[in-house]
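Subject: Structure for your review

Dear colleague,

Please find below the structure that I am handing over to you. I would be grateful if you could read the notes after it with the structure open beside you.

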Amino acid sequence: MSGFWQRRRIPLAWLLLTRQPARLAVALAGIAFAGILMFMQLGFRDGLFDASVTVHKLFDADLVLMSPRTMSSIGMAGFPRRRLVQVLADPAVRGTTPVHWNLMLWRNPETRRTRSILTIGFEPGDPLFSDPSLAAKAHVLNQQGRVLFDERSRPEFGPIASWFRQGRTVETEVAGKRVRVAGLVALGPSFGADGNMLTSRETFLRLMPNTPPGSIELGLIRLRNGSDPLQVAERLRRMLPDDVSVYTKQGFEEFEKNYWRSSTAIGFIFTLGAAMGFIVGCVIVYQILYSDVSDHLPEYATLMAMGYRLINLLGVVAREGLLLAVLGYLPAWVAGQGLYALVRHGTKLPVYMNNERSLLVFVLILAMCMGSAAMAMRKLADADPAEIF
Amino acid sequence: MLSSLLATTPRPVAPEPSVQLRGLNHWYGSGSNRRQVIQGVDLTINPGEVVLLTGPSGCGKTTLLTLVGALRQVMEGSVRVFGLELKGSTRGQRQQLRRSIGMIFQGHNLLRCLSAEQNVQMGADLLPDLGYRARRDLAREWLRAVGLEDHLGKLPHDLSGGQKQRVAIARALAAQPRLLLADEPTAALDSRTGREVVDLLKGLARNQDCAVLMVTHDPRILDIADRVVRMEDGQLIDGGDGERLWGAHRLADTGRESAEG
């Protein structure tokens with residue numbers, strides 16, 4: 001440490017940058033703007049993809065069985081329910097829950113308009129979600145024709161939650177059949193569904209009478225404590241026939257996200273938006289650093305005349321780029337947090353600041369500043385020490 | 001104060017001349033636009049020698065300084081500085097050599113974002129084997145030596161022209177050069193300060209065997225010179241290696257004449 005203090009030099013890069021506070025402020029505003037643009041675009045992209053697994057994340061499962069024919073949550077195919085019985089043979093399996101999953105038409109009881117709602121059917125006595133509060137509500141589903149409505153569903157489904165809280169009897173049609181709202185749950189809309197409802201397996205089959213007997217769309221598997229989901233998944237894959245696929249919980253979520261990534265332009269559009277932010281930032285930083293180097297060219301030439309190496313001066317410009325990156329990133333991160341909260345409030349999209357995105361945007365800003373600094377360094381070649389005499 | 005600074009790093013007497021120019025030619029442009037600015041210059045400057053270079057504007061003095069200072073490529077002839085032949089030398093060799101050469105520019109060329117102390121420390125930072133505190137203390141010592149101990153933290157735009165020039169001089173000296181090249185170092189100074197500065201340079205030359213080549217039109221300082229070299233149209237007409245006997249008595253006369261004129 002003492003060696004470092006002995007070797008340290010005058011912080012020339014910092015002093016050059018701060019000599020003109022107004023210019024520095026403009027530079028930082030530009031970098032922060034580019035950073036915010038990247039945060040927002042990447043946040044929207046990831047938020048939309050995360051939204052596609054809003055319900056997936058809630059399941060109480062370590063492993064999930066699905067049909068290999070399933071493409072996504074909006075097109076679930078069925079597989080034989082007895083596969084869940086087979087997996088119980090594995091000593092690591094603690095329990096299973098068969099789940100029906102399909103989109104049905106919900107009629108808004110106020111406007112009489114219909115809209116697709118994700119309907120999840122399960123045995124009310126089986127664990128479904130990690131949230132224990134649901135188990136307390138599930139018993140109301142034992143009565144046929146009862147549903148639990150997701151109060152976070154979009155308002156197009158009608159004022160269900162407020163009516164229910166007022167004590168009104170809320171009845172409507174689902175798939176052309178009468179159902180009554182027996183309670184509220186809080187799940188949240190996803191990419192494929194603007195609203196959700198839970199019902200018993202029995203009610204589900206009444207609403208969807210064409211469901212093949214013994215067929216389910218999802219099989220939730222819970223493992224004993226200490227079991228390795230990856231190893232158990234591998235064992236089950238070897239054990240089960242080809243009419244079913246085994247996923248870890250994370251793999252199940254990724255499967256859904258990948259569908260939206262690959263089948264929609266969302267990823268491309270928002271990544272392009274982030275790239276535009278990157279390019280705008282590059283232009284801003286380059287302009288700032290180029291004019292900074294140009295303004296200080298006689299001083300750089302003086303330093304060269306004194307015996308400073310070109311590499312020393314390049315280092316000064318590089319440090320200026322690094323300082324701009326760090327100083328520009330901080331306000332971008334803070335503003336990003338605020339804007340994410342605004343987006344969450346306005347759209348209910350799960351847009352949160354996470355470490356990966358924080359790091360990614362910092363690396364992009366750093367690359368932006370260092371790349372621009374590298375281009376601005378070419379101007380240093382014009383610094384002719386002979387011209388200063 | 002000055003004596004303590006000059007005594008800090010005594011140098012052994014170098015066995016070779018600090019500067020040796022032989023048949024030096026230099027020109028700008030090419031073809032019909034070619035303009036010869038240095039013509040067949042021969043000049044030797046020994047360690048500890050103070051040489052003043054005079055002559056009318058545009059006669060090639062500054063170009064000569066830049067060639068000796070390893071700031072330009074030598075076109076024709078030989079320039080040896082501390083034994084290193086600059087003709088054909090690499091950029092790295094010239095850059096390394098410049099660390100041994102102190103340069104005082106007519107336009108100060110102080111770094112605008114640095115205080116007087118920091119500007120001088122930029123010179124001291126070139127010294128190897130000196131810690132941060134030692135370099136900073138050295139910078140303060142040199143600023144004290146040029147009478148600016150009360151202006152350490154001032155930025156260049158808060159200093160007068162003469163004060164800037166003194167900071168530039170302190171910066172050049174803080175790097176403990178073996179050769180000092182100065183372009184009109186006293187032009188912006190009043191007579192008292194100018195005298196102090198040239199005495200400082202003279203002391204540097206005497207105590208540290210630092211060779212000094214100074215372009216000047218200031219007749220008040222001619223007496224410090226061991227030799228005055230006069231240049232016209234790119235040629236040395238007085239005081240070159242052919243006229244080593246141009247001595248101090250003649251310098252005094254020249255100074256008197258200039259002062260009277």
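The notes below cover chain A as a whole, a sheet in chain B, and the contact between the two chains.

Please keep in mind throughout that this is a predicted model.

Overall form of chain A

Chain A contains 13 helices and 11 strands. Its C-alpha trace extends over about 95 × 50 × 40 Å along the principal axes. The radius of gyration of chain A is 29 Å, whereas a compact globule of 389 residues would have one near 21 Å. Buried residues make up 43% of the 389 residues in chain A. Among the contacts in chain A with a separation of 6 or more, 82% are between residues 24 or more positions apart.

The six-stranded sheet of chain B

In chain B, six strands make up an open sheet with mixed pairing, and their order is β6-β7-β8-β3-β9-β10. The edges are taken by β6 (101-104) and β10 (235-238) of chain B; each has a single partner strand, so one side of each has no neighbour in the sheet. On average, and with direction ignored, neighbouring strands of this sheet are turned by 25 degrees against each other.

Strand β9 of chain B deserves a separate description. Of the six residues of β9(B), five are buried, so this strand is largely enclosed by the rest of the structure. With β3 (residues 50-54) of chain B, strand β9 (residues 227-232) of chain B pairs in the parallel sense, over four bridges. Within this pairing, L52(B) has V228(B) as its bridge partner, and L53(B) is found opposite V229(B). In a regular strand, side chains alternate between the two faces of the sheet.

With β10(B), in contrast to the parallel pairing just described, β9(B) pairs in the antiparallel sense, over three bridges. Here R230(B) is placed opposite D238(B) of β10(B). The two strands, β9(B) and β10(B), form a hairpin with two residues between them, and D233(B) in the turn has a positive phi of about 50 degrees.

Helix α2(B) lies across four strands of chain B, namely β3, β7 (179-183), β8 (211-215) and β9, and runs at about 150 degrees to β8(B).

The contact between the chains

Which numbers of residues do chain A and chain B bring to the contact? Chain B contributes 25 residues and chain A contributes 19 residues. On the side of chain B that touches chain A, the elements giving two or more residues are α2 (61-68), α3 (91-98) and α4 (116-124) of chain B. The most comes from α4(B), which gives four residues. By character, the residues on this side of chain B comprise 11 nonpolar, eight polar and six charged.

Helix α3(B) can be described in further detail. Its residues R94(B), Q95(B) and R98(B) are buried. These residues cover an arc of only 100 degrees around the axis, which puts them on the same side of α3(B). An α-helix has 3.6 residues a turn, so residues three or four places apart point the same way. The buried residues of α3(B) pack against α11 (297-306) of chain A, together with β6 of chain B.

With kind regards

Methods: Residues numbered from 1 in each chain as written. Chains lettered and ligands numbered in written order. Predicted model: local features only at pLDDT ≥ 70, side-chain atom pairs only at ≥ 80, totals over all residues. Contact = placed C-beta atoms within 7 Å. Nonpolar A, V, L, I, M, F, W, Y, C, P; charged D, E, K, R; others polar. Pairing = 2+ DSSP bridges. Axes fitted to C-alpha atoms, helices over the stretch in contact; angles between N-to-C directions. Buried ≥ 20, exposed ≤ 12 C-beta atoms within 10 Å, placed from the backbone. Rg over C-alpha atoms; globule rule 2.2 N^0.38 Å. Arc of directions from axis to C-beta.
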